Amino acid sequence: MPGRRRALLVAIESYDDDQLPKLATPLRDAEDLAEVLADPSLGAFEVEIMRNEPYWVVVERLEEILSTSRKDDDVLLHFGCHGLKDDGGGLYLAARNTRPQRLVSTGIDSAAVIRMMRASPAASAVLLLDCCFAGAFARGMLARTDGGLDLGTRVGEAVAGGRGLAVVTASSATEWAFEKDGTGRSGSPKASVFTRALVEGIRTGDADRNEDGLISLQELYDYVAGRVRLESPQQTPNKWEFGVRESLFIARSPRRRVTAARLPAEIQLLLDDSDPRVRKIGVSDLEVLVWSQNMPIALAALRRLEELTDDDSRLVSAAAANALRSAVLEVSAAHVDLGLVRPGPWVPPAIVELSGPPLTQLSLVRAPAVVRAWIDGGRLLIRAAHAEPGLLSGTVALTGPTGTTMVEVTGWSLPDPHALLDRAFDAARTAVGVPLMELLVLLALAFVAEQAGDQERATRMLGPVPDLLRAITDKTDRTLAAAVYAWTLARSGQQTAAEQLIERLRATLQDPWAVGPVEEKALATAETAREVAQDAVQVVGDMAKEAADPGPAVVALAIEWAAALIGTPGAMTEVVSRAETLVATAVTSDRDRALCLIGLAGLFGAAGHVDSARGVLATSETIELADIDDFVLAGLACTWVWTLLSDPDEAARLIGDVASSVQDMEPVGKGVILAALGWLTSHAGDEAEARSYLDQALAIGRDSETGYADRVVICLAAGWAAAHLGFPELGADAAAVVDEQVPEGHDTEDRVVALVVAGLVAAMSERVDLHDKWLRAAAEIVDTFDDNRSLGIIHAAISWIQALVGPRSVYESVEKVVGLLDLEGTDEASHDPFDPFLIARVVLVLAGSWSESETKAWTELATSLLADMRVRIERSDPEPATALLATAAAWVAVQVGDRIGALGLLADAAAITAETTDPLMAAWLLAAQAWVCAFGDRPPHPLVRDLVSVLLPTEHRIDRTATVLDVLTRLTRLLLPGG
């Protein structure tokens, strides 16, 4: 088995002790270094970052990695932090909780680190020290140690006698290490001099001095030392090593040196001939060799062709020039638009296909600092690097034996979601007295990190959860929070820990609540995230069912639901049992209890748990309902569930019972129920009986002596059911009755609504003539209204219904309705960003953009709306709700491709968040912004797309009711898995 390459990067930026000022760059340094080290085309390390941890956590993890390494492993350690010395000149690395007056008990002793490296079985261990101690220095440089540090002597002595050990430091024993004192537009710090040189040397390949394709430790040190001395003459990096094997390399390089070979003798003879025609034959042979997989031969052929372009024979020089032109590197795109991008290895790179002879794979890739570009086989991969939010542009140059090819790169860089998550975590940890809310924030942050593929960060976000569970005094809240925690653990890949926590929670339901003290265990001593989860299991050992009603049933159901979500075998059986118990406990009315059970049966049935659904239905039917209305309502609901379970016999039985019970009801109730029975009977498979019920309902709507409004309701219900079930003539008749039932002179909003719905039913019945007639009549009535806002709204509704029965263009329909909803001119100028009509227009445009692949028109339409919203946001008070609206609007902007709008709205949200005094609210806002930056361009879930399709116009007819039912079924199966 090949050895592992393991890297641990320790970044300490914030300190508890006021004597240790916050550093600007360690976290960014670690992120940048991790990106090149983890890149499989470069470092190929397994990288872990420890951020702002206390000293004991760092030391324990450091020892674990070194002691558990195998004899063929390579380990790389990097520290970015303050460097401190004791009175004897010993070097200590500062952790988050380090106190300068208590270095022995709170600092990380460099000598101890060296001892752990020496004791490690790893083949090699490399330590990179970017130690820092803040203080001003000349011309914009920040001092990073306090001088006089006897680093060289101590490290040199410690390394001596070790096996495969190396230490590289940012400065000598008497010098300072530096970080550039500068910020970008958004205040993000630049990288330190030392670590930036490390990153750039690996990323560009400039550290590969001999161009053999590998960057050795010595080559990397030479490059870094030169770069550091160039930028900071006062600083001299140093290196000590003992027993490091020559084959140890830190990273692969994009560079590769090839030496031209000798051309085959027979081709050389042709080229040396005095006859130009013979030399031209040799040129043809060279052209073939240039495309050879044998790089040295191909390079020799290329160089000879370059010489032959100056041949004294035009015949030969022209042939050589043509051969060279055919051998150049070509790219599938000379310009790459990255769109709205986030930096990070988890973001898929843009791909540019390369074509040309194999020699082109030797091309050196030069990229600006804002992008990362490399060649992988026959493709150029381009990804955004860490950059300030805003416009991203530059040129990637591919320079190789065949020449230089340029690729222009543009894009718009979003804020770094990782940094936003870290800020949210720090904000949440400052909250006092609200452990439940803090816990919920941390679970949300861990979920976002897990979704981004950052398991290490997700685990760190979950670290404080056991302590927070201890602090929650309400037992029900604590148990529910622990159930959510179990689900989050499973999502982050800790299935065993999640199942253990669920089992412990189940066990607590059998015992009374414990009151005794909980054993305190330092969270930071947990060796893995699983141990953190086991600590939480220990915490919830004090939890059990209490006497409050219906709290225990809610808690029990939540535990079993969480168990089902994480895939615990047999959990759904318990969910059914606990749900029935909750209904029996919490619902006192017989009708409500029956309806709740029927609803549960419907959910279980839709999720595929048919046997459970049948059992719950059987329980619901044991409840006696004396009131006829209650009996009919429960009967209709139960009938629908039986049809969902594909049991037509049970459905027909209940249909008969309901039909017998409605004969003495009032006309309006009887008519609507008969229409519902017709719809249910059709789904149960009896079309003739369904038609009979619909005929009876329509007769009541036409002839009963109840008020015209009731008759309209009956006819519309019967007409909709008839049209949907495939009885178009009956649906058209019902719609026609609606127009006849409304008395003259009732030109009111009620009449408008009746005409509009009748028009929709007519369209469903394929009577376009009646549809158009009634919608025109509705529009004429609306034009007589004095309320301009109502006028615009109803005209927009009429236009939308016309588009729904189309077929119509989605864009044209949305654009028209958006114009009709532009109602600002009807009132005083509005500056309210929460104007429902503005929000409705934005939502319409977003939904429309999801329905079509061509986004340019949607982007232009959305840009103007979002610009209006941003103006309103900037004029409004900086409240958290406004920040949340700005974040949501930024998500819309990302979805529709409005890059400038997205960045502007995110900047507005960030500005408001910075003024938020509530740390938990600030954490929630930062989490929302991180989600937008990380996943804002994700397409909507298929369930959302299908549901949106029901509400949008379409160029082909769809069964909207069937689509809605299908969406609900699929959603239920997500919430109740395992069916």
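# A briefing on this predicted protein model

Asp868 has a relative accessible area of 23%, so it counts as partly exposed. That residue is a handy way into this structure, which is a predicted model. Zooming out, the protein chain has 979 residues, and 53% of them count as buried. The chain holds 39 helices and 22 strands.

**The salt bridge of Asp868**

- Who is the salt-bridge partner of Asp868? The partner is Arg872, and the closest N and O atoms of the two are 3.2 Å apart.
- Asp868 and Arg872 share helix 34, where they sit four residues apart, or about one turn of the helix.
- Is Arg872 buried or exposed? Arg872 has just 1% relative accessibility, which is under the 20% limit, so it counts as buried.

**Leu861, also in helix 34**

- Helix 34 covers residues 856-875, and Leu861 is found there too.
- Leu861 is buried because its relative accessible area of 12% is under the 20% limit.
- Which residues touch Leu861, if you skip its neighbours within four places in sequence? They are Tyr811, Val814, Glu815 and Val845.
- Val818 is 43 residues away from Leu861 along the chain, yet the C-alpha atoms of the two are separated by 9.3 Å.

**The chain as a whole**

- Take the contacts in the chain with a separation of 6 or more: 70% of them involve residues 24 or more positions apart.
- The accessible surface adds up to about 41,800 Å², and carbon and sulfur atoms own 54% of that.

**More salt bridges**

- Side chains of opposite charge can pair when their charged atoms come close.
- How many salt bridges turn up in a search of the whole structure? The search finds 40.
- One of them joins Arg227 to Glu200, with 3.0 Å between the closest N and O atoms. Arg227 belongs to helix 7 (residues 217-231) and Glu200 to helix 6 (residues 193-204), so this pair ties together parts that are 27 residues apart in sequence. Both Arg227 and Glu200 are buried.
- Another salt bridge brings together the side chains of Arg899 and Asp337, at 2.5 Å from N to O. Here distant parts of the chain are linked: Arg899 is in helix 36 (residues 899-914), Asp337 is in strand 16, and their positions lie 562 residues apart in sequence.
- Arg899 is partly exposed because its relative accessibility is 23%. Asp337 has a relative accessibility of 38%, so it counts as partly exposed too.
- Salt bridges can also link up into a network, as with Glu31, Arg51, Asp422, Arg457 and Arg460.

**Two open sheets**

- A quick reminder: strands of a sheet pair through backbone hydrogen bonds, either parallel or antiparallel.
- In what order do the three strands of one open sheet come? The order is 4-5-6, with antiparallel pairing. Strand 4 (83-85) and strand 6 (108-109) each have a single partner strand, so they are the edges, with one side of each left without a neighbour in the sheet.
- Strand 5 (residues 91-93) and strand 6 run antiparallel and are joined by two bridges. Across from Tyr92 you'll find Asp109 of strand 6.
- A four-strand open sheet runs in the order 16-22-21-18, and its pairing is mixed. Why are strand 16 (335-341) and strand 18 (364-366) at the edges? Each of them has a single partner strand, so one side of each has no neighbour in the sheet. On average, neighbouring strands of this sheet are turned by 20 degrees against each other, ignoring direction.
- Strand 21 (residues 390-400) and strand 22 (residues 403-413) run antiparallel and are joined by eleven bridges. Val396 stands opposite Val407, which is in strand 22.

**A nonpolar patch on the surface**

- Trp561, Leu565, Leu968, Leu971, Leu974 and Leu975 make a nonpolar surface patch of about 520 Å².
- Helix 19 (551-565) and helix 39 (960-975) supply at least two residues of the patch each.
- Which helix gives the most to the patch? That's helix 39, with four residues.
- Trp561 comes from helix 19. Its relative accessibility is 38%, so Trp561 counts as partly exposed.

Terms used
Residues are numbered from 1 along each chain as its sequence is written. This is a predicted model: local features need pLDDT of at least 70, side-chain atom pairs count only at pLDDT 80 or more; totals for chains, interfaces and linings use all residues. Side-chain values use heavy atoms; hydrogens and water are left out. Buried means under 20% relative accessible area, exposed over 50%, partly exposed in between (1.4 Å probe, protein chains only). Contact means heavy atoms within 4.5 Å. Accessible areas come from the Shrake-Rupley method with a 1.4 Å probe; for residues, only the protein chains shown count as cover. Two strands pair if DSSP finds at least two bridges between them. Axes are lines fitted to C-alpha atoms, for helices over the stretch in contact, and angles run from 0 to 180 degrees between N-to-C directions. Patches are made of residues with over 30% relative accessible area and no salt bridge: like charges are joined within 9 Å, nonpolar side chains (Val, Leu, Ile, Met, Phe, Trp, Tyr) within 5 Å. A salt bridge is a side-chain nitrogen of Lys or Arg within 4 Å of a carboxyl oxygen of Asp or Glu.
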